[in-house]
Amino acid sequence: MSAAEVPSDPFAGRVAIVTGAAGGIGAALAAELLRRGARVVVSDVDAQRLEEQATELARDHEDRVAAISGDAASEDGIAAMITVARESFGPVDLYFANAGMGESLGLDAPEELWSTAIDLNLMAHVRAARALVPEWVERGEGYFVSTASAAGLLTQIGSATYTATKHAAVAFSEWLAVTYGAQGVGVSCLCPQGVDTRLLREGMNAAGGGAVATAAVASAGEILEPSVVARVTLDAVAERRFLVLPHPAVADYQRRKVDDIDRWIRGMQRFAASLGT
């Protein structure tokens, strides 16, 4: 995919890696990539669920799916994914840094949880880019997609770790686009609100901060199916758009925040109070 123009079938024959692909947005991204003709390596730390998902994906695309379980935040795990992609299909063209975590804690979050959140929600993206971008610059093409969150543009009531690390993911993606975009490397940053995933459903049955965070997401707008988010994301990649907003209202919220940050914070304080925080 050159920076000059968008081909009519930008995914056909391309090699993609999708992390966090055992379910939710990751599985939907993999399915949509396959539908559009790509060859896909799916990865997840949950080996059993990944195997089930890969089997499902391979029913119609057996020769275009490969799977490897592992840690998407570790250099060794990322290197193993890239090796599987190369050996199965060829050099990696697209990387979807989709794996993430969302614990609902505030100032009571322990240091180890902060470290894990930073590692998976931010450093996983940094390490993947470090492994792939130099090669893409040499080739003059390549595409990095970061799954962040609307919380990375706004905030997440009920979770300090999620808010801070998703802000960092957005910032890193933006830096990546500014620094390497003119050298052929495309970058998109996915920032959805509520998506019908296992993570969200588990939050509905949680207590404390988890219940508050889930209530905030559920009351903020429509809960989208992962397949819808995947289609919107790949459409944005095909058009080389940076910010991917499956919930268009997020753009309005962001504008209000930028226009008057103090007014926006007061509004968020009232929203938090309405949720019982």
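# Close-up views of a predicted model

The protein has 10 helices and 7 strands. The model is a predicted one. Of its 277 residues, buried residues make up 50%. Contacts between residues at least 6 apart in sequence were also sorted by separation, and 73% of them join residues at least 24 apart.

**View 1. Helix H8 and its buried residues.** H8 covers residues 226–238 and holds 13 residues. At 1.5 Å a residue, the helix should span 18 Å. Its end C-alpha atoms are 18 Å apart, so the model agrees with the expected span. The buried residues of H8 are Pro226, Val229, Ala230, Thr233, Leu234, Ala236, Val237 and Ala238. An α-helix has 3.6 residues a turn, so residues three or four places apart point the same way. The buried residues of H8 pack against one helix, H1 (24–35). They also pack against strands S4 (94–97), S5 (142–147), S6 (185–190) and S7 (243–244).

**View 2. Arg240, after helix H8.** Arg240 follows H8 and lies in the loop between H8 and S7. Its phi is near 55°. That is a positive value in a residue other than glycine. Relative accessibility of Arg240 is 23%, so the residue counts as partly exposed.

**View 3. The Tyr95 and Phe144 ring pair.** A pair of aromatic rings is described by the distance of the centres and the angle of the planes. The count in this model comes to 3 aromatic pairs. In one of them, the rings of Tyr95 and Phe144 have their centres 5.7 Å apart. Their planes lie at 20°, under the 30 degrees cut-off, so the pair is stacked. The pair links distant parts of the chain. Tyr95 belongs to strand S4 and Phe144 to strand S5, 49 residues apart. Tyr95 and Phe144 are both buried.

**View 4. The Phe172, Trp175 and Tyr180 cluster.** Ring pairs link these three residues, Phe172, Trp175 and Tyr180, into a cluster. The rings of Trp175 and Tyr180 have their centres 6.0 Å apart. Their planes stand at 80°, over the 60 degrees cut-off, so this pair is edge-to-face. Trp175 is partly exposed, with a relative accessible area of 45%. Tyr180 is partly exposed too, with a relative accessible area of 24%.

**View 5. Lys257 over the ring of Trp264.** Lys257 lies over the face of Trp264. The distance from the ring centre is 4.9 Å.

**View 6. The cavity lined in part by helix H4 and strand S4.** Rolling a probe the size of a water molecule over the atoms shows where empty space is left. A search of the whole structure finds 1 cavity of 30 Å³ or more. The largest cavity holds about 30 Å³ of space. Its lining is made up of Thr19, Ala72, Tyr95, Ala97, Ala99, Leu120, Ala124 and His125. Two elements, S4 and helix H4 (111–139), give two or more residues to this lining. H4 supplies the largest share, 3 residues. Tyr95, a lining residue here, is also the S4 partner of Phe144 in View 3.

Methods. Residues numbered from 1 in each chain as written. Predicted model: local features only at pLDDT ≥ 70, side-chain atom pairs only at ≥ 80, totals over all residues. Heavy atoms only, no water. Helix = DSSP H or I, 4+ residues; strand = E, 2+ residues; numbered from the N terminus. Expected span 1.5 Å × (residues − 1). Buried < 20%, exposed > 50% of the residue type's maximum accessible area, 1.4 Å probe, protein only. Contact = heavy atoms within 4.5 Å. Phe/Tyr/Trp six-rings, centres within 6.5 Å; stacked < 30°, edge-to-face > 60°. Lys NZ or Arg CZ within 6 Å of the ring centre and 35° of its normal. 1 Å grid on protein atoms, 1.4 Å probe; cavity = no way out; pocket = protein on both sides within 12 Å on 5 of 7 lines; lining within 4 Å. Points joined across faces, edges and corners; volume = space filled by probe spheres on them.
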